[in-house]
Each structure stands twice: as C-alpha cells, then as structure tokens.
Amino acid sequence: MNPYRIPEIAKQYTDYDMIRQHTDLPDFPNFRAQLLYAFLSRDSRLNPSSELFALVTSLVQMGLDTHDEVTVSNEVKEKKAARSRQLKVLAGDYFSSRFYHLLSQAGQIELIKRLSTAICELNRLKTNLYVTMKHLKVTAEDYVRQSVDIKSHLFKSFGGLMEEVNRRAWPEILEAFTRCEVIFKEIFRSESLQDFHGSWGYWHIIQNGSKEERKLLEAEEQDPAKLKALIHKYNVPSQLYNLLAAQLQQLEAKVKQLDSDKLASELFHIGEPFFRFISKTRLLEER
C-alpha cells in the first residue's frame with residue numbers, strides 16, 4: 001500500500017495566494033479521505049484508482065463545504081468581507097470543477113454519475129436540516145445524527161463498489177469515525193462564544209433549558225457573560241467529552257471485528273488523534 005498523501009496532492013488545487021490572503025477555507029476532510037483511501041487500497045479492483053477516488057471526493061467535499069460558508073445575503077458593503085464572500089463562491093466552484101475534470105480525464109464517467117447523484121441527495125439532507133433548525137425543531141442528538149449523515153454521504157457512496165467483505169464494514173466504520181469527527185469539532189465550538197450558535201450545546205440548551213434561557217439563545221445580540229453561565233450550567237464541554245469517549249469505545253469495538261488485522265491497525269492509526277485527545281483530557285481531570 002502506498003503512503004497516504006491526499007492532502008499534499010490536493011494543495012495544488014486548494015493552496016492559492018489569492019485565497020489565503022482574502023478568505024478562509026473549511027478544513028480538509030482528512031479523516032474521511034484517509035478512511036476511504038484505506039478501504040479502497042485494500043480492494044483488489046479499486047486499488048489502482050484509490051488515490052484518485054479519495055482525492056476527487058475530498059475536492060467535492062471541499063467545494064460543498066466552502067459554499068456552505070458563503071453568507072446568505074450578498075449585501076456586503078465592506079470591501080474585505082465582500083471579496084472574501086466572492087472568493088468562497090469561486091473557490092467552491094473551482095474545487096467542484098476539478099472533480100469533473102480529473103475523473104473525465106481518467107475515463108471514470110460512471111463515478112461522475114455516482115458522485116453527482118450523491119451530491120443531489122446531500123443537498124436534500126442539508127435542506128432538511130436547515131429547515132428544521134430554522135423552526136427550532138432539532139434536538140442535540142438530531143443535530144449530530146444529521147451532521148454525520150451529511151458529512152459522510154459522499155464517501156458512503158463508494159460502498160457499492162467495494163468487495164463484499166469491505167462493503168459490509170464500510171458504512172458502519174465511516175459513520176463511527178464521522179461521528180467522532182463531529183463531536184470532536186463540537187467540543188471546540190462549545191469553548192468559543194462566537195461559534196456557539198447552532199452548535200450541539202446550543203441545541204442541547206434549546207431542548208432542555210427554560211423559556212427565559214431559550215430566549216437568551218435566540219436573541220440577535222447575546223450577553224457573553226450570561227451565555228458563558230448557561231454553557232457552564234449545562235456542562236456542555238463535559239457532556240461532549242463523555243459523548244466522544246463513548247463513541248470511541250464503540251468505534252474500537254467495530255474496528256476489532258474487522259477480518260483484516262492490517263486494516264484494523266491502520267484504522268486505529270487514523271483514529272489516534274481522537275484517542276490521544278481523550279487520554280490527555282482524562283489526565284488533566286485527574287490532576
């Protein structure tokens with residue numbers, strides 16, 4: 001199996017001075033790309049295309065995630081903010097165009113169709129989530145579950161191409177890893193007042209808080225001190241640490257059930273940042 005180098009290859013499509021200077025891009029979907037590459041590389045039929053498939057799927061995901069960060073309104077007066085918005089639109093389009101170009105060059109027309117179908121379904125999933133969020137009808141668990149569905153959907157579409165032994169394991173392993181990824185990110189969102197709106201902690205308090213507490217969260221301008229107090233009252237970071245620890249236990253059990261010890265070892269290596277984070281947190285709590 002060749003070394004994993006998808007992020008380095010992707011830089012030739014994502015790393016431009018104009019973008020770096022004037023806007024920010026979403027994180028590269030590294031965990032999911034690594035997982036896909038690991039599974040495809042151990043499939044005798046898909047191994048020759050494993051790098052290409054993981055690369056183009058990551059570029060599509062980057063394109064979609066970049067467009068998600070574009071503000072709804074284009075009535076931006078400040079020049080810097082307007083330029084950032086325009087570049088996000090163009091960057092998202094560019095990443096998506098690389099997906100079509102690279103696959104058509106390789107003659108992978110059927111995969112273009114497969115991923116295009118997945119993109120349509122993914123947009124439907126996003127729309128459903130946005131609508132329920134707008135009407136405040138999302139529980140914290142709904143938010144995590146639907147976020148996992150959205151983040152994993154493109155990558156999940158490869159299951160039908162895999163050999164049977166991997167086809168059975170792929171959806172569960174992908175979902176378990178993506179759930180860890182989502183919860184991991186939510187931990188950091190819970191520690192940032194700027195990113196708290198719409199996070200797991202936000203929906204947890206909307207679901208369990210009093211009428212006055214929900215009004216505080218729904219207000220356009222929030223009192224930072226009161227918001228901090230709410231986050232502390234509902235132990236949001238602590239609850240997320242526990243969710244991640246429980247999810248890692250489930251992930252570990254699923255990986256140990258794999259038929260391939262080599263694949264299992266590789267997956268544990270991919271998940272090492274999650275396990276290391278939880279171990280470090282526990283050590284800090286014991287001091």
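At 5% relative accessibility, Ser190 falls under the 20% cut-off, so this serine counts as buried. The model in question is a predicted one, and Ser190 makes a handy way in. Ser190 sits in helix α8, a helix that covers residues 164-190. Setting aside neighbours within four places in sequence, Ser190 is in contact with Phe196, Ile231, Val236, Pro237 and Leu240. Two of these partners, Val236 and Leu240, bring in helix α12, which spans 236-256. Ile231, for its part, belongs to the stretch 224-233 that forms α11.

Stepping back to the whole chain, the secondary structure is simple to describe: 14 helices and zero strands. Read from the N terminus, the order of elements is just α repeated down the line. The radius of gyration is 20 Å, close to the 19 Å that the globule rule gives for 287 residues, so the chain is as compact as a globular protein of that length. The C-alpha trace spans about 60 × 50 × 35 Å along its principal axes. Contacts also reach across the sequence: of those with a separation of 6 or more, 74% join residues 24 or more positions apart.

As for inside versus outside, 46% of the 287 residues count as buried. The accessible surface adds up to about 15,800 Å², and carbon and sulfur atoms own 50% of that. On the charge side, there are 40 positive and 39 negative side chains, with the centres of the two sets lying 2 Å apart.

The largest nonpolar core holds 79 residues, and Leu154 and Leu267 are the ones with the most contacts inside it. Helix α8 is the top contributor to this core, with ten residues. What does Leu154 touch, leaving aside neighbours within four places in sequence? The list runs to Thr57, Val60, Gln61, Leu64, Leu115, Ala118, Ile119 and Leu122. Leu154 itself falls within α7, which runs over 140-156. Among its partners, Leu115, Ala118, Ile119 and Leu122 fall within helix α6, residues 109-134.

Helix α6 is also home to Lys126. Is this lysine buried or exposed? With a relative accessibility of 5%, again under 20%, Lys126 counts as buried. Beyond residues up to four places away in sequence, Lys126 touches Leu64, Asp68 and Ile150. Leu64 therefore turns up twice, as a contact of Lys126 and as a contact of Leu154, going by heavy atoms within 4.5 Å.

Ser265 offers a contrast to Ser190. Ser265 is found in helix α13, residues 261-270, and counts as partly exposed at 48% relative accessibility. The C-alpha atoms of Ser265 and Trp203 are separated by 36 Å, with their positions 62 residues apart along the chain.

Two loop residues have backbone angles that deserve a mention. Leu136 lies in the loop between α6 and α7, and its phi is near 55 degrees, a positive value in a residue other than glycine. Leu136 is partly exposed, at a relative accessible area of 34%. Asn235 has a positive phi too, about 50 degrees, although it is not a glycine. That asparagine is placed in the loop between α11 and α12, and a relative accessible area of 43% makes Asn235 partly exposed.

Technical notes:
Residues are numbered from 1 along each chain as its sequence is written. This is a predicted model: local features need pLDDT of at least 70, side-chain atom pairs count only at pLDDT 80 or more; totals for chains, interfaces and linings use all residues. Side-chain values use heavy atoms; hydrogens and water are left out. Helices (H or I, at least four residues) and strands (E, at least two) are DSSP runs, numbered from the N terminus. The radius of gyration is taken over C-alpha atoms; the globule rule is 2.2 Å times the number of residues to the power 0.38. Buried means under 20% relative accessible area, exposed over 50%, partly exposed in between (1.4 Å probe, protein chains only). Accessible areas come from the Shrake-Rupley method with a 1.4 Å probe; for residues, only the protein chains shown count as cover. Lys and Arg count as positive and Asp and Glu as negative; His and the chain ends are not counted. The place of a charge is taken as NZ of Lys, CZ of Arg, CG of Asp or CD of Glu. A nonpolar core is a set of buried Ala, Val, Leu, Ile, Met, Phe, Trp, Tyr and Cys residues joined through side-chain atoms within 4.5 Å.
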